[in-house]
Each structure stands twice: as structure tokens, then as C-alpha cells.
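Colleague: Could you take a close look at one part of this protein for me, the sheet and the cores packed around it? I would like the cut-offs spelled out as you go.

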Amino acid sequence: MSSQPNQSLIDGIRCLQYLVSSGRAIGCRELARLMGINTTRVNRLLMSMASIGLTTQDEQRRYLPGPGIHALAAQAIRGSALFSQALPLLERHAPKDVVVAMGVLWEDQVIYIYHSEPGSQVSQALAGFHMLPAWQSVIGMSLLAAEPDDALQARFSPEQWQHLQPHLEQQRATGHVIWRHDDGEVSMATTLGAHKAALALAGMWNIPEHILNERLSELLALSARLGET
């Protein structure tokens, strides 16, 4: 048996992920451009997934997630220890007066599993936030630090790398990232070990150093709870 990755399977999963992440109906040509592969191949993949209900088409023959996505989503949640075990802990122990986020990396994008804002309900926090480029997210910075610099420099522009590098070094040295934004906001993140995810607090503005340290302790204590799942 071949030990080489199955490229058709990889392309099919990527295609479905790009489609679901787009948040709108999308045509084959645009999806092929996003993925960097042939339009005919994307069309074949989408039609194959339509045959089992994972995709569907609108009146303009653009593609949307199909009803099979709901079944796949439910199965994925049930099969994810991070999702099923961490969410009750976040509901009980996460601070309610700042942004609390948990996310993972996918193709240099951060996908948010959980993103709550002050006053929001748990139902609003579940996968309710759009994805962000990893270099623009404190969660992305925290997770990218696990990769070697030469691999990262090949994927990011010089400007993006200049922004990333000090935060990567901080994560590697201390186990967390503190990002002081130009507008006065402070965000911070730390990784969740074996889950290959990261937890963040954000939406803190112009806070003094002693409050920052208290928030960091709060983040690390919550991360330790989640790390036990």
C-alpha cells in the first residue's frame, strides 16, 4: 500500500472547508482560485459532495453547504474532546467582562471555536465569529510559534513577518503572547497543549500593568482547567 497522502481526499476536504468558511454562495471558479487548483477539479469535487448531501446549488448554480453538513457538524462536535469538554468549563469559569476566545489554525487562518463578548449568550459564542488571518490574531501568533521560522517566513510577507516575529519569540520564551495594539487594546493568548488550540482574552483597553498581570493569571488558570480535559 502507498504511504503517500491521497491528494484527492485532501482536495475534497479543503474544498469543503473553503466553501463552509466563505459564509455565502460561491462559484467553482472563485473557489478554485482560493484553493489554487483547477476549476474542473473543483467542480468535480463539489458535484461528488452534492451526491451525498454535503453541498447544494442555488439558482445561479453557485455552491452552498448542503444538509449533510449538519450531520457532519454534529458528529464532529460529539467526536471532539476539546469542543464537548471545554465548552462547559468556559461557560462556568470564563470571565464575563472581556472577550474570551478559543481557536485553532487552518491554512494560516484562525478558526474560532468559541468567541464570547461581554453580555453575550453561550449560543452566540459558539463558532459565531469569522475567521482571521493568523498573523492578525493573538491566537494565531500563539499557535504559529510551534513552527520553525524558515517555514513561516516562506508563507508570510516581510511586513507580516516583522509583525509576527516578536510575538512568536515571546510565546516560545514565556508560554504566552501579550499583544499591545496601537489603539490601546490589549489581547493575550496561550496554547492548550495536546489540543493544538489556543485560548485568548481580548477587549481590554489601556489597562495598567497590575491589571494586565491579573488578567494574565486569569488566562493561565483557565487554560490549566481546559488542559485537564
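Modeller: Happy to; here is a walk through the sheet, the cores and a few residues beside them. Please bear in mind that this is a predicted model, where local features need pLDDT of at least 70 and side-chain atom pairs count only at pLDDT 80 or more, while totals for chains, interfaces and linings use all residues. Residues are numbered from 1 along each chain as its sequence is written, and side-chain values use heavy atoms, with hydrogens and water left out.

Let us start with the sheet. It is open, has 6 strands in the order β5-β4-β3-β8-β7-β6, and its pairing is antiparallel. Strands here are DSSP runs of E with at least two residues, helices are runs of H or I with at least four, and both are numbered from the N terminus. Two strands pair if DSSP finds at least two bridges between them. The edges are β5 (132–133) and β6 (177–180), each of which pairs on one side only. Antiparallel β6 and β7 are joined by 4 bridges, and V177 stands opposite A189 in β7.

Q171 is a good link from here to the helices. This residue is in helix α9 (residues 158–174) and touches S142, A145, H176, V177, A189, T190 and T191, leaving aside residues up to four places away in sequence. Contact means heavy atoms within 4.5 Å. Q171 counts as buried because its relative accessible area is 8%; buried means under 20%, exposed over 50% and partly exposed in between, using a 1.4 Å probe and protein chains only.

Now for the cores. A nonpolar core is a set of buried Ala, Val, Leu, Ile, Met, Phe, Trp, Tyr and Cys residues joined through side-chain atoms within 4.5 Å. The largest has 25 residues, and L90, V100, M102, M188, L199 and L226 touch the most other members. Two or more residues come from each of α5 (81–93), β3 (99–106), β4 (109–116), β7 (185–191), β8 (197–205) and α10 (209–227), with α5 giving the most, 6 residues. L226 touches A86, L89, L90, M102, L192, H195 and L199, again not counting residues up to four places away in sequence. A second, separate core of 21 residues includes A101, I139, V177 and A200.

Finally, two loop residues deserve a glance. E107, in the loop between β3 and β4, has a positive phi of about 50° although it is not a glycine. E107 counts as partly exposed because its relative accessibility is 35%. N206, in the loop between β8 and α10, is also not a glycine and has a positive phi near 50°; N206 is exposed, with a relative accessible area of 63%.
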